[in-house]
Amino acid sequence: FKKEPGLSTVLQKGSSLLHLVPRTESSREPKTLTIPDTGSVDANLQFINAFEKGDSVVIDAIQSEAVQPGNALPEWPWVDSLQKFKMGSGPKSLWRYTANTQTGTVTKECLFDSASCAFGVINTDAVSAQEHQ
């Protein structure tokens, strides 16, 4: 068994699934919605924030694009410098997923497309889990 996730998992091309699990005090049922296939991988998301807006659940997440062939990270411990990390990681962008619980549809919108987008967090209780800019 190796610690490298890429050696123990396989990504399949196609659409992804989004599982919505209601809060314990809710009378809603769990739902599974299909995220439309846009050619990018939704399997390695870094979740930033989520909130409810009417009949929708809005999720902001950083998405990692595929690494260029020949630039894959080496075996564990992966890298020992920032330069090697940049060579072995794909560009990242901030996406907003909107899941309409009534229609069962999911839409995706790119909010920020930049290689410097990484490890995003919502730092204040005033906007965490709330709609904001």
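# A guided tour of the strands

Begin at the pairing of strand β4 with strand β5: select Ser64 and then Lys92, its bridge partner in β5. The model on screen is a predicted one. Strand β5 spans residues 92–100 and runs antiparallel to β4, to which 9 bridges join it.

**The whole chain**

Next, display the whole protein as a cartoon. Its secondary structure amounts to 2 helices and 6 strands, and the order of elements from the N terminus is α-β-β-β-β-α-β-β. Colour the chain by burial: of the 133 residues, 25% are buried. If a surface is drawn, the exposed area is about 9700 Å², and carbon and sulfur atoms supply 54% of it. For a contact map, consider the contacts with a separation of 6 or more: residues 24 or more positions apart account for 53% of these.

**Strand β4**

Select residues 56–64, which form strand β4. How many of the residues of β4 are buried? The count is 9 of the 9, so the strand is largely enclosed by the rest of the structure. In a regular strand, side chains alternate between the two faces of the sheet. Show the side chains of β4 to follow their directions: Ser56, Val58, Asp60, Ile62 and Ser64 point one way, whereas Val57, Ile59, Ala61 and Gln63 point the other way, and all are buried.

Now add residues 45–53, strand β3, which pairs with β4 in the antiparallel sense over 8 bridges. Select Glu52 to find its bridge partner in β4, Val57. The hairpin of β3 and β4 has 2 residues between the strands, and Gly54 takes a positive phi near 65° there.

**Ala61**

Stay in strand β4 and centre the view on Ala61. Ala61 counts as buried because its relative accessible area is 0%, where the limit is under 20%. Beyond its neighbours within four places in sequence, Ala61 is in contact with Leu45, Gln46, Phe47 and Ile48, and also with Ser93, Leu94, Trp95 and Tyr97. A distance can be drawn from Ala61 to Asn49: the two are 12 residues apart in sequence, and their C-alpha atoms are 7.1 Å apart in space.

**Gln63**

Move along β4 to Gln63. The relative accessible area of Gln63 is likewise given as 0%, and Gln63 is buried. Which side chain is joined to that of Gln63 by a polar contact of 3.2 Å? The partner is Tyr97. Expand the selection to the residues that Gln63 touches, setting aside those up to four places away in sequence: Ser40, Val41, Asp42, Leu45, Pro91, Lys92, Ser93, Trp95, Tyr97 and Lys108.

**Lys108**

From Gln63, follow the contact to Lys108, which is found in strand β6, residues 105–113. Is Lys108 buried or exposed? It is buried, because its relative accessible area of 17% falls under the 20% limit. Show the ring of Trp95 beside it: the charged end of Lys108 sits over that ring, 5.2 Å from its centre. Trp95 is also one of the residues in contact with Lys108 once neighbours within four places in sequence are left aside; the others are Ile35, Pro36, Thr38, Ser40, Asp42, Gln63, Arg96 and Tyr97.

**Strands β1 and β2**

Finally, turn to residues 16–20, strand β1, where the side chains alternate: Ser16, Leu18 and Leu20 point to one face and are buried, while Leu17 and His19 point to the other and are not. Add strand β2, residues 31–35, which pairs with β1 in the antiparallel sense over 5 bridges.

Select His19 in strand β1. With a relative accessibility of 53%, His19 counts as exposed, because the threshold for that class is over 50%. Which residue of β2 does His19 stand opposite? It is Thr32, and a polar contact of 2.9 Å links the side chains of His19 and Thr32. Setting aside neighbours within four places in sequence, His19 is in contact with Lys31 and Thr32. To end the tour, draw the C-alpha to C-alpha distance from His19 to Lys31: it is 5.9 Å in space, for a pair 12 residues apart in sequence.

Methods: Residues are numbered from 1 along each chain as its sequence is written. This is a predicted model: local features need pLDDT of at least 70, side-chain atom pairs count only at pLDDT 80 or more; totals for chains, interfaces and linings use all residues. Side-chain values use heavy atoms; hydrogens and water are left out. Helices (H or I, at least four residues) and strands (E, at least two) are DSSP runs, numbered from the N terminus. Buried means under 20% relative accessible area, exposed over 50%, partly exposed in between (1.4 Å probe, protein chains only). Contact means heavy atoms within 4.5 Å. A charge sits over a ring if NZ of Lys or CZ of Arg is within 6 Å of the ring centre and within 35 degrees of the ring normal. Two strands pair if DSSP finds at least two bridges between them. Accessible areas come from the Shrake-Rupley method with a 1.4 Å probe; for residues, only the protein chains shown count as cover. A polar contact is a pair of N or O atoms within 3.5 Å; within protein, one must be able to donate a hydrogen and the other to accept it, and residues adjacent in sequence count only if both atoms are side-chain atoms.
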